[in-house]
2 protein chains.
Amino acid sequence: MSKKSFKDIFIGPALENNKLEAEKLKVVWGLPIYSSDTISSVAYAGEEVLMVLFPVMALAATRSLVYVMSAIIGLLVVLVFCYRQTIDAYPQGGGAYIVGADNFGEIPGLVAASALLVSYILTVAVSSCSGTAAIISAFPAAAPYKPWIAFVIVCILTWGNLRGLSESGVMFGLPTYFFIGSLVVMIITGFVKVFVLGYAPPAPTEMIRTTGDITVFLFLQAFASGCTALTGVEAVSNGVPSFTDPAPKNAKLVLTLMACVVGVTFIGVAALTDLYHITPRENVTAIASLAAAIFGNGSVFFYIFQIATVIILSLAANTAFAGMPLLLAMVAGDGYMPRQFTVRGARLNFSNGILLIFFAASVLIFAFNADTHTLLPLYASSVFVSFTISQAGMFTHWTRRKEGAWKHKALINGVGTLVCFTVCALILVTRFLDGAWLVVIIIPLLVLLMKAIKKHYDKVAADIILRGDVKALVQRRGATKVLMPVQSLTRPFVKALNYTLSLGAPEIEFYYVGSGDGREQTLKKQLDALEIPGAHFSCDITELRNVNEVLLNHIDALEQEMGPGQSLTVVMPQLTCSETWTELLHNQTSVKLKLELNKRRNVTVISVPYILK
Amino acid sequence: MSKKSFKDIFIGPALENNKLEAEKLKVVWGLPIYSSDTISSVAYAGEEVLMVLFPVMALAATRSLVYVMSAIIGLLVVLVFCYRQTIDAYPQGGGAYIVGADNFGEIPGLVAASALLVSYILTVAVSSCSGTAAIISAFPAAAPYKPWIAFVIVCILTWGNLRGLSESGVMFGLPTYFFIGSLVVMIITGFVKVFVLGYAPPAPTEMIRTTGDITVFLFLQAFASGCTALTGVEAVSNGVPSFTDPAPKNAKLVLTLMACVVGVTFIGVAALTDLYHITPRENVTAIASLAAAIFGNGSVFFYIFQIATVIILSLAANTAFAGMPLLLAMVAGDGYMPRQFTVRGARLNFSNGILLIFFAASVLIFAFNADTHTLLPLYASSVFVSFTISQAGMFTHWTRRKEGAWKHKALINGVGTLVCFTVCALILVTRFLDGAWLVVIIIPLLVLLMKAIKKHYDKVAADIILRGDVKALVQRRGATKVLMPVQSLTRPFVKALNYTLSLGAPEIEFYYVGSGDGREQTLKKQLDALEIPGAHFSCDITELRNVNEVLLNHIDALEQEMGPGQSLTVVMPQLTCSETWTELLHNQTSVKLKLELNKRRNVTVISVPYILK
């Protein structure tokens, strides 16, 4: 075991491989971890619908919100039936990538993987930005620091996830229950206040003229915007192996429980929004307006509810931290992503995947100035692309095997496919200019990238594989010629020279590049005085200060003179400082040089370390 | 000569050392290059004064603006006399760093250098942000993209400066004359309209109650804010060697000409601001309001004037690009900054210094959201810190030497010292909370950093120097022991093995780290079958996936077993891809490993290149 380092304290001590089992989730903690994403959408989905309806319908918008939300809950029920089947069919974890690749082959699988990656990153960005909106609703003075607040949320989550999933269960589970509790208390209070205590919520003071009634297109547009509420529904089916045994049964239970919680709270909130005449306002979210109307603006309950909202949204972001590294590890395992994503870190999590989410989400937060509304079309469309592929894959799964009650199951997933495809098309059409167009660009680009990575790895594997008689390939080549670039006689140079002598090279060339100011003669005298057998001095003069370039040209010339089997070795001292920051003050030239030399087939670089005191 | 690369086309072809002379500036181009900073202040200095006066004095503020500006021009005259003496005394370039270090020693010199570095970077940030404000005044729709517009300006300037100073003369000189011309046309038109054509500018429609009259404190506060107009006055004395011979005479001429232009235009603009009743507005600068009032809003002349303003401000930023790399090269030459800053690039400019400005200014632009007003207190206070040290240094210069008319000269610089110190204190006191406090933190930090860098370089120089009989130090040590980490038998491994054999090492250890799944036995058999003399196989089993750590521990153990004079060599294959992007898909583990191994005194790393097809 290594000594207790900064990393140990910050990330926690390393865990052994067999600890993997202990990290599994019970239903009671699996529910909050995998459903926080969907449940938290209550913080923004209703507002998205209102923002579509309000400009046309004004005060009548809130009534239509209830209908739109009911339609969305209907869609949720369909999805729950569909994904219960996915869990049964793919107990090893049935994300859209697996289902797509398994049933349709490479390209649809990669499209699904790309859509999932995009939506995971957007889960983090959207949730942290929406959490920030909740903070600003309670503390409007914080408005100018919006992206920074969202960024801090992402930083905290990254840190929590680098420490590992097991502590996540309790740490992230309790607050989700706290939010669900707050939501239920608010819904009950809201109804009791009006129907039992006879409170009449004030109608908005401004008389806003209703300019239009609901049309089919407006309804569809509102529906498409509200479908952001269903992002995260697939998370459970991706994460089946994370549950305790029997994993599929527990996962299905979590999925059903989640749908119940989501259904009750979404409809409750939509009904109350109508009852309390909530309208969209700047810097205050609709749900914060509702909480203020029910609990009283500035009351303790209002602030508790805002805190609970911030926390649940932060945890929704955590869904992606739980899911995306697993997906990346799978895709990388198949060779479509850099291999580093398959490596579990010291805490048994996929640290590189976690860091990728961190960077990508941070960029999105600052690029979109932490505005949830502009991020949502991109989010919803990528989610429904993956839903569609997943459902179509499941339909194919049943119709190919024709086992058991396959017709019944194929029907459910067939309906799921049609519904998801319709919603996906709806979002792309109605929100195309609002950001959905990005999906049409990013997903194909990601697919091309993954194909290119796979092609590269395949090529390298074919290149480095050994065939035939290995023993015949192993042979002692002629001794190598050594080139030692030298600027002046220093202790590091002498150490490198001594190392070179220990290699017993028959020929050593000392090589100097200068501006022709006579220093080369001094150096030649000093080196000749050392009387090293087999050594000679050479130099080049340049007026262009491009020492590295002249040196590389000289090396190329030497390489061309060499016969087959011969090789050139460049020996250089490498200064190492005891403090890390001072590294920047040295070796800048030699780092560039080594990168160039690595490209030469018959040139080997030896860096002889010289540790500065 | 190398082949024509992307860099050649982007930055221009490399120049030889003796081309340095040709890059010098005549007065006609030196004036615009070194005075654009000061002249461009007309775009924001008056507005800064108004922003102090207006909340207290309302419409009476513009009259006081004329008085405040007159006082500032008075200060300018004092500074011109002072800096003419600096030019005479330091014809090799008399920046505050040189004057401070020369007359007071290390610490005051470093304080001056730090203040100059901060003010150079702020010149770029303030000027590009103010240029952006001019663009937004003409095109208010661009307001949301403020930091990005400023960033684009900085990018263009960086590119221009990477190409070199000689083209800069014409490229940057003509637009400065164009701006001065526009300014003169505006001033003349403004006065002619009122006094010749009898035009009566409309008083503002809103009746704003005057809540107070000018007090001494308010006047001083306004004066301190307006002193941003004088930033850049010292640029000429820093850059004396850039002028054609006789350099000091030409530099003094440029300084005097600049003061005349600045005096006339500042007073003219201030008088017109009063005459046309200009008041501060959001998203429209005061000078843009004035131009609109004189030329007519939306007229061609208004747009021409805005374009000229944007360009002059961009060129003001260029002053720093001309000055800061020279200063950095000087400070780095004295060992207080990383040595890379002393290296002239292929185009004879100090590319690293230019890139440092680029990064620092970009960070400031985004951190302050391109708001000129919040950047200015920081800017003005750092500039006057360097002015004060420079003047005090000049005073000491004369009083120590007592040559010629030293009493007269000492008097001028003594007055300069007192005035600059007073202004500096005034800015720090009146604008402390507005950002001047940052100067009190940043400058000491920079001084500490420079001291630390100097200390480090001194230590290294003492460490690597060779003393006594060099020949006795050169000795052939015992042959090195070779360790070859191996995961599986591949072509790159065989190539590395063949290279190792060519070194003739007496002992080779193949070393494998695995999870104990039996692969180590297969590998041992394969390696034993090669029958390499002096080679043996060893392995370690780990459950923690920390292959690198186990390998390092093994190496440390081997290093401890070694006697004095013995050394260990680690040979590893190094995969190199023909395409750069694929590099990221390989060698990640070995890069980390090499960084660690470089810290070990008796371990040398050999990377044997394997070029992938």
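**Reading helix 19 and the two-chain contact**

Me: Which residues of helix 19 of chain A are buried?

Reply: They are A:Pro492, A:Phe493, A:Lys495, A:Ala496, A:Leu497, A:Tyr499, A:Thr500, A:Ser502 and A:Leu503. A residue is buried if 20 or more other C-beta atoms lie within 10 Å of its own, exposed if 12 or fewer, and partly exposed in between; C-beta atoms are placed from the backbone. Helices (H or I, at least four residues) and strands (E, at least two) are DSSP runs, numbered from the N terminus. This is a predicted model: local features need pLDDT of at least 70, side-chain atom pairs count only at pLDDT 80 or more, and totals for chains, interfaces and linings use all residues. Residues are numbered from 1 along each chain as its sequence is written, while chains are lettered from A and ligands numbered from 1 in the order in which they are written.

Me: What span does helix 19 of chain A reach?

Reply: Expected span is 1.5 Å times one less than the number of residues. Helix 19 (491-503) of chain A has 13 residues and reaches 19 Å from its first C-alpha to its last, close to the expected 18 Å. Just after this helix, A:Gly504 takes a positive phi of about 65 degrees.

Me: How many residues does each chain bring to the contact?

Reply: Two residues are in contact if their C-beta atoms, placed from the backbone, lie within 7 Å. Chain A brings 69 residues and chain B brings 69 residues. On the chain B side, helix 19 gives the largest share, nine residues.

Me: How are the two copies related?

Reply: Two copies of a chain are related by a rotation about an axis and a shift along it. Here, a turn of 179 degrees and a shift of 0.1 Å along the axis lay chain B on chain A with an RMSD of 0.1 Å. The copies are thus related as by a two-fold rotation axis. Superposition is by least squares on the C-alpha atoms of residues with pLDDT of at least 70 in both. B:Ile606 comes closest to the axis among the residues of chain B, at 2.5 Å (C-alpha).

Me: In which sense do the two copies of strand 5 pair?

Reply: Strands pair if DSSP finds at least two bridges between them. Strand 5 (603-611) of chain A and strand 5 of chain B pair in the antiparallel sense, over three bridges. A:Ser607 stands opposite B:Val605.

Me: Is B:Ala370 buried or exposed?

Reply: B:Ala370 is buried, with 25 other C-beta atoms within 10 Å. B:Ala370 also has a positive phi of about 60 degrees, although it is not a glycine.
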